[in-house]
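Here is a quick walk through a protein model, meant for someone meeting it for the first time. Have a look at the picture, then read on.

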Amino acid sequence: MTHAPKLLFADPKGRVMEHPYLIATLRSGEELVPPQDKPIALPATGRLVHLPGRLPVGLNPDSGELELVREMKMGGKTFVPNAVGALLPPGYTRTFLPGEVKGSGPILPQWAYTAAAWGEKGPLAWAIHTDRRSHWEPEAYSTPELKGLVTAHMERFPDSRVLKQLKTCALLYRCFTSQNIFYARDEGAIPASVMCNARCVGCISDQPADGPPASHERMDDGPSAEEMAAIGLYHLEHAPGRTMVSFGQGCEGEPLTRWKFIAESIRLMRAKTDKGSININTNASLTHGLKALLDAGLDAVRVSLNSASKGLYEAYYKPVKYGWEDVEASIALARERGAYLALNLLLFPGVTDREGEVQALEDLVRKYRVDQVQTRSLCIDPLQYLEVARGVGAGGEPVGIRTLLQRLKAARPGLIIGNFARGLDERENAAGSPEV
């Protein structure tokens, strides 16, 4: 290897450095492996992050052996290094995890840690650019005028519990879908629920006392149908182009637990306008609730799942009073009713791409003629998810994330692989679904 990617590590202050001679390693599930596949230059809006309490593992280029880096000496000081990973902007899907092992640190915060290294021309990350559509570019968000737009919209709807939550999400969490409501463009969020009927291990809005800190806070009270309809209607009528409103966001519980309110809000919106698309992001647990939403005018369904095999799905989602069979029944219903059907696939290298898992996903997208797979790198401490996935689900050796995506496209001709929802006028072609 002429220009082998160098191992990165961080000092106790979080300063990132390259190792003088060790080569970076990658994690695929339980295994640490040498550099492989195709790393990319770290995107301009990506960043390197240190993993507190995780020790970096490098590959000795002379011996070919893995080396655990327990300490480093620099500037006359000796310290315990932290492993380093990358965080990617929207539109990218990671292919490998950082090569590290647990030291004495805590459970890591909920981010999608990606393998990183130092290449000949700068930092590298192991990822695929899976959606090249530019309307989600980070530069278009958190702009100087956003606060003014938030204030103006709050004045239009001064008592809206929907906007109160979206203001927090837009300004504090910098959620793009929330910000879109205030920019009046593209896919806009309508948070609907404080409740959930799953106990996802990686939930970003509700964690047990011994878990990592939740990265989002849920609203205090579920809004009325009228409140949701007012915000949705304004967005549908004022947002140009690929206009869409979406129920079910990361900052809330499961929207189908409030299906009666959402169905009424959809009826109220559709009584006033036929513009744009109305979508739900859901765990698809309550098929009767989804039916009511489809009856009311819902036209797009995005089902979140980490696996198409019952064992691994239920180990991660920890469903309450529903199971994988209910999820599949809802997928079947969405297909039967002609809704645009997308899967929000929570990807984890070395687990999602196990041979058996790949086959189960192939069967699912083929059987129900899934329109799109929206790839989502699962935001969770990698070692925490490995504990969940160990010994459950469909087995087999990992085939690689790139191969997984290629096989899904082959299983369902016309399948769109991409990270972003498609508007009404984008759903008949596979634009933005690059070769993987």
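In what order do the seven strands of the open sheet stand? Keep in mind that this is a predicted model. The order is β18-β19-β20-β21-β22-β23-β24, and the pairing is parallel. At the edges you'll find β18 and β24 (416-418), each with a single partner strand, so one side of each has no neighbour in the sheet. From one strand to the next, the twist averages 25°.

Let's zoom in on strand β19, residues 244-247. Met244 and Ser246 point one way, Val245 and Phe247 point the other way, and all of them are buried. Strand β18 (residues 187-190) runs parallel to β19 and is joined to it by four bridges; there, Ala189 stands opposite Ser246. β19 also pairs with strand β20 (residues 277-282), again in the parallel sense and over four bridges. In that pairing, Val245 has Ile278 of β20 as its bridge partner. Helix α5 lies across β19 and β20, running at about 165° to β19.

Further along the sheet, β21 and strand β22 (residues 340-347) pair over six bridges, in the parallel sense. Val303 has its bridge partner in β22, namely Leu343.

Now for the greasy part. Nonpolar side chains tend to be buried together in soluble globular proteins. Here the largest nonpolar core has 92 residues, and Phe247, Leu305, Tyr316 and Tyr385 have the most contacts inside it. Helix α4 (residues 225-238) gives the largest share of this core, six residues. Phe247 has already turned up as one of the buried residues of β19. As for Tyr385, once you leave aside its neighbours within four places in sequence, its contacts are Asn306, Leu312, Tyr316, Phe348, Val351, Leu378 and Ile380.

On to the charged side chains. Those of opposite charge can pair when their charged atoms come close. How many salt bridges does the structure hold? The count is 25, and three of the pairs are set out below.

| Pair | Closest N to O | Accessibility of one partner | Accessibility of the other |
|---|---|---|---|
| Arg402 and Asp37 | 3.0 Å | Arg402, 16% | Asp37, 39% |
| Arg270 and Asp299 | 4.0 Å | Arg270, 24% | Asp299, 19% |
| Glu328 and Lys367 | 3.6 Å | Glu328, 21% | Lys367, 53% |

Start with the salt bridge between Arg402 and Asp37. Arg402 sits in helix α11 (residues 401-411) and Asp37 in the loop between β4 (31-33) and β5 (40-41), so the pair ties together parts 365 residues apart in sequence. Arg402 counts as buried because its relative accessibility is 16%, while Asp37 counts as partly exposed at 39%.

Next come Arg270 and Asp299, which also form a salt bridge. Arg270 belongs to helix α5 (residues 259-272) and Asp299 to the loop between α6 (287-296) and β21 (300-305), so this pair links parts that are 29 residues apart in sequence. Arg270 is partly exposed, whereas Asp299 is buried.

The salt bridge of Glu328 with Lys367 runs from one helix to another: Glu328 lies in α8 (residues 324-336) and Lys367 in α9 (residues 355-367), so parts 39 residues apart in sequence are tied together. Glu328 is partly exposed and Lys367 is exposed.

Finally, there is a network: salt bridges that share partners join Asp131, Arg133, Asp186, Arg242, Arg422 and Glu426.

Key:
Residues are numbered from 1 along each chain as its sequence is written. This is a predicted model: local features need pLDDT of at least 70, side-chain atom pairs count only at pLDDT 80 or more; totals for chains, interfaces and linings use all residues. Side-chain values use heavy atoms; hydrogens and water are left out. Buried means under 20% relative accessible area, exposed over 50%, partly exposed in between (1.4 Å probe, protein chains only). Helices (H or I, at least four residues) and strands (E, at least two) are DSSP runs, numbered from the N terminus. Two strands pair if DSSP finds at least two bridges between them. A salt bridge is a side-chain nitrogen of Lys or Arg within 4 Å of a carboxyl oxygen of Asp or Glu. A nonpolar core is a set of buried Ala, Val, Leu, Ile, Met, Phe, Trp, Tyr and Cys residues joined through side-chain atoms within 4.5 Å. Contact means heavy atoms within 4.5 Å. Axes are lines fitted to C-alpha atoms, for helices over the stretch in contact, and angles run from 0 to 180 degrees between N-to-C directions.
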